[in-house]
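Please read the following report alongside the sequence and the model. It moves from the overall build of one chain to the places where its parts, and then the two chains, come together.

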2 protein chains.
Amino acid sequence: MNPPLKIAVAGLGTVGAGVVRLLASQAALLEARCGRRLAITAVSARTRSKDRGIDLTGVAWFDDPVELAKKADADVIVELIGGANGPAKAIAEAAFARGRALVTANKAMLAHHGTALAAAAEKAGTTLGYEAAVAGGIPIIKAVREGLAGNEIQRVYGILNGTCNYILTVMRESRRRFEDVLADAQKMGYAEADPSFDVDGIDTAHKLAVLASLAFGTAVDFGAVSIAGIRNVSPMDLDYADELGFRIKLLAIGRRTAQGIEQRVHPCMIPADTPLARVDGVFNAVMVEGDFAGSTVYVGRGAGGGPTASAVVSDLVDLARGARTPAFGVPAAKLAKLQAAPLAEHRGRYYIRLMVRDQPGVIADVSAALRDERVSLESMLQRGRSTTEAVPVVLTTHETVEAEMLRAVDRIARLTSVIEPPCLIRIEEL
Amino acid sequence: MNPPLKIAVAGLGTVGAGVVRLLASQAALLEARCGRRLAITAVSARTRSKDRGIDLTGVAWFDDPVELAKKADADVIVELIGGANGPAKAIAEAAFARGRALVTANKAMLAHHGTALAAAAEKAGTTLGYEAAVAGGIPIIKAVREGLAGNEIQRVYGILNGTCNYILTVMRESRRRFEDVLADAQKMGYAEADPSFDVDGIDTAHKLAVLASLAFGTAVDFGAVSIAGIRNVSPMDLDYADELGFRIKLLAIGRRTAQGIEQRVHPCMIPADTPLARVDGVFNAVMVEGDFAGSTVYVGRGAGGGPTASAVVSDLVDLARGARTPAFGVPAAKLAKLQAAPLAEHRGRYYIRLMVRDQPGVIADVSAALRDERVSLESMLQRGRSTTEAVPVVLTTHETVEAEMLRAVDRIARLTSVIEPPCLIRIEEL
């Protein structure tokens with residue numbers, strides 16, 4: 001009989017309690033699959049007395065999670081506290097300093113310190129598992145790192161934040177404003193009290209930085225991610241998207257280009273008949289393009305106690321089975337410095353919505369601004385008519401260079417007939 | 001520097017040549033990812049002189065693939081010959097007898113001998129890799145065996161044969177008959193000269209037997225798979241499916257039920273708005289339902305040199321990295337005997353198309369037959385009217401028991417006004 005894998009869990013929120021519950025309910029199954037027991041030996045959380053509906057009999061309690069990482073009788077520390085620095089980072093460092101493996105769901109920490117943590121794990125002869133950090137229950141890290149290991153990855157993109165996808169889905173279906181839908185999502189527990197990390201695209205960017213590193217073999221570079229969230233998406237834009245045959249999704253896009261690696265997070269117009277356009281509500285989806293496998297798509301629940309616990313446990317099973325793969329697919333020292341492709345040189349199509357005074361010559365002025373920056377117009381829609389209120393004018397362009405597009409929009413914004421900052425959304429060909 | 005992983009490839013068809021090409025073009029990448037080189041040391045194929053566009057300089061040639069398995073200087077034998085028995089099986093046995101790992105794309109062999117081969121690999125202290133046997137470029141074996149290892153799998157189903165999916169897609173789009181579309185598919189190389197394994201559902205059933213074993217921890221039991229192919233699907237049924245809000249897909253379905261494990265392959269009506277309904281052409285898709293992860297979906301190319309080579313190489317990368325997981329997730333000796341759920345007790349909805357003489361009383365007779373077997377009618381469509389020709393009558397039922405449904409159809413078939421054998425297609429709630 002092999003000795004059990006001894007597990008210490010720091011953090012007993014939804015995910016931590018889910019991990020404890022999963023390991024208890026699947027104990028026999030996991031023992032058969034791993035050839036040894038997966039045993040929780042220690043836990044740490046803020047409040048000892050709280051009823052979490054889990055049995056912690058015989059499990060050591062630590063008030064201080066860093067003490068747990070240092071002193072628990074454990075082969076692996078599971079860090080489920082979160083935050084780029086603070087206790088989470090101290091736990092990781094303490095674990096590696098003692099040659100213990102770390103399993104974490106902490107994308108913020110990985111986005112800021114991923115390469116250093118991977119190096120520390122390797123130096124300690126142990127591993128860093130983070131399947132739970134990206135796309136919840138979808139085993140996307142394993143798919144890219146192992147399942148597609150024979151491929152050079154050209155592009156990886158997807159819907160990585162269930163809160164944003166839920167809000168955009170409800171906005172589209174109900175024609176309600178962002179602020180109202182967000183408030184409801186907060187009431188239902190789909191959005192945090194402080195929603196900024198989600199709706200401003202930061203959480204998505206954390207995950208993209210991690211995924212891009214793994215896909216492209218580059219050091220994690222969160223600073224190189226261009227980020228825009230969904231606060232400025234209006235029900236009007238969702239309507240126009242439908243009319244033009246698109247859906248609006250907050251996408252994370254990582255791409256290998258001749259100029260370097262592109263990493264961007266922003267609302268996108270995507271063709272309504274592509275697989276990602278149909279991924280609605282809290283679901284996540286990731287598309288990976290490999291040079292031999294072609295495109296593969298992965299869809300599932302991106303958050304929640306069950307799916308995230310499933311991901312954490314997949315890392316624990318790997319450990320128990322003795323599988324040992326470098327965190328980002330190659331040894332940390334071999335991760336190339338990421339050369340960021342300048343977004344100004346990005347080529348693509350664009351959607352622009354203007355709010356204008358309905359007066360003669362507006363369209364001529366707008367068209368001239370586009371022409372002067374060599375932006376070629378694809379379509380123009382001017383639906384409403386009003387002598388008193390602003391009316392929307394919607395334009396789409398042919399492929400153009402981002403820098404020229406931005407200069408054209410800047411010219412347009414300065415026209416006296418244009419009375420709100422233009423809304424610019426990139427159209428992605430997927 | 002670690003010693004290279006020495007690889008002998010038996011079979012240099014599309015996939016074998018793809019593997020050689022992939023290993024050559026990604027040599028540096030793979031060395032970085034594995035910490036050692038992946039080196040082809042020997043190959044075997046039927047014709048030595050054929051130009052395959054690959055460089056075999058310095059690679060040993062064997063005319064006999066079994067000799068290659070026995071005598072090549074190799075750590076792993078890659079079997080890409082196919083067939084449930086014959087040389088493929090002899091290669092596998094020879095490899096394990098010498099403690100060599102086996103990587104194979106051979107679903108027929110696994111469906112018939114999977115459990116015994118897994119046991120032989122374990123006895124020899126080596127591994128059996130078969131990522132390429134199911135769903136081509138989609139890393140579905142790894143996802144189920146490792147990525148979802150924390151879950152008890154309730155259900156696994158999908159589109160596992162690109163030829164059938166292509167034919168059904170073209171039939172639906174062009175309203176052409178099966179025979180015509182098949183002939184075209186054969187001309188274009190999407191279907192074999194002998195299409196039976198594909199269109200009669202056998203290839204799909206092979207893959208399902210393998211996937212079910214992995215998902216449910218049961219011994220591979222191909223004999224327990226209920227199989228029907230797509231020859232009897234008519235353009236008329238595809239039309240009615242559209243009208244009723246369905247698509248017709250050849251699905252492989254594995255399900256854990258109170259009566260045992262259900263394994264079936266047959267054309268299904270599935271709601272048009274489910275993810276699988278939109279997987280068209282040669283693509284494959286698999287849905288896996290786990291008790292913690294929930295539903296996850298995997299979509300990609302199910303065949304072709306590049307995608308299948310990608311899958312073969314993922315197994316080689318695992319070997320090179322030293323990962324070692326039992327072929328079916330648990331040691332072969334722990335695979336439970338599969339208790340097959342009797343299909344007669346299956347509960348579901350059904351689509352029935354009859355060709356009838358358009359005369360008074362037909363619907364009353366059909367309704368009476370259904371009532372007598374306690375089958376509850378959900379909808380009825382009788383579109384055409386003709387005094388000379390047969391007209392179609394289409395019925396859908398509420399949930400009912402398969403045995404009762406079959407008895408009702410048997411009664412209906414014997415009505416004098418019903419002039420063709422009824423077409424019965426199961427409706428799947430996905």
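The sections below describe a predicted model, beginning with chain A as a whole.

## Overall build of chain A

In this predicted model, the secondary structure of chain A amounts to 14 helices and 17 strands. The radius of gyration of chain A is 24 Å, close to the 22 Å that the globule rule gives for 430 residues, so chain A is as compact as a globular protein of that length. Taken along the principal axes, the box filled by the C-alpha atoms of chain A comes to roughly 85 × 45 × 35 Å.

Burial and contact range complete this general view. Of the 430 residues in chain A, 55% count as buried. When contacts in chain A between residues at least 6 apart in sequence are considered, 75% of them join residues at least 24 apart.

## Domains and the contact between domains 2 and 3

The domain assignment divides chain A into domain 1, covering residues 5–133, domain 2, covering 140–302, and domain 3, covering 344–427. Between the C-alpha centres of domain 2 and domain 3 of chain A the distance is 25 Å, and 12 residues of domain 2 of chain A are in contact with 11 residues of domain 3 of chain A.

On the side of domain 2 of chain A that touches domain 3 of chain A, α11 (235–244) and β10 (260–271) of chain A each supply at least two residues. The element that gives the most to this side is β10(A), with five residues. By residue class, the side of domain 2 of chain A that touches domain 3 of chain A holds seven nonpolar, three polar and two charged residues.

## Strand β10 of chain A and its partners

Is β10(A) mostly covered or mostly exposed? This strand is mostly covered, since 10 of its 12 residues are buried. Its pairing with strand β9 (residues 246–257) of chain A is antiparallel and is made through 12 bridges, one point of register being L250(A), which stands opposite P267(A) in β10(A). The connection from β9(A) to β10(A) is a hairpin of two residues.

Strand β10(A) also has parallel partners. Strand β8 (residues 226–227) of chain A runs parallel to β10(A) and is joined to it by two bridges, with I227(A) standing opposite V265(A) in β10(A). Strand β17 (residues 423–427) of chain A likewise pairs with β10(A) in the parallel sense, over two bridges, and here M269(A) stands opposite I427(A) in β17(A).

## The parallel sheet of chain B

In chain B, an open sheet of six strands follows the order β3-β2-β1-β4-β5-β6, and its pairing is parallel. The edges of this sheet are formed by β3 (60–62) and β6 (128–129) of chain B, each of which pairs on one side only.

At the β3 edge, strand β2 (residues 38–44) of chain B runs parallel to β3(B) and is joined to it by three bridges. Within that pairing, S44(B) has F62(B) in β3(B) as its bridge partner.

## How the two chains meet

Chain A can be laid on chain B with an RMSD of 0.0 Å by a turn of 180° and a shift of 0.0 Å along the axis. That is the relation of a two-fold axis. Because 100% of the interface residues of chain A are also interface residues in chain B, the copies meet through the same surface.

The interface brings 46 residues of chain A into contact with 46 residues of chain B. On the side of chain A that touches chain B, the elements giving two or more residues are α2 (27–34), α6 (140–147), β12 (294–301) and α12 (305–321) of chain A, and α12(A) gives the most, with nine residues. The residues of this side of chain A divide into 20 nonpolar, 16 polar and 10 charged.

Strand pairing also crosses between the chains. Over three bridges, β12(A) pairs in the antiparallel sense with strand β12 (residues 294–301) of chain B. Which residue in β12(B) is the bridge partner of V299(A)? That partner is V297(B).

Terms used
Residues numbered from 1 in each chain as written. Chains lettered and ligands numbered in written order. Predicted model: local features only at pLDDT ≥ 70, side-chain atom pairs only at ≥ 80, totals over all residues. Helix = DSSP H or I, 4+ residues; strand = E, 2+ residues; numbered from the N terminus. Rg over C-alpha atoms; globule rule 2.2 N^0.38 Å. Buried ≥ 20, exposed ≤ 12 C-beta atoms within 10 Å, placed from the backbone. Contact = placed C-beta atoms within 7 Å. Pairing = 2+ DSSP bridges. Least-squares fit on C-alpha atoms with pLDDT ≥ 70 in both. Domains from an automatic or database assignment. Nonpolar A, V, L, I, M, F, W, Y, C, P; charged D, E, K, R; others polar.
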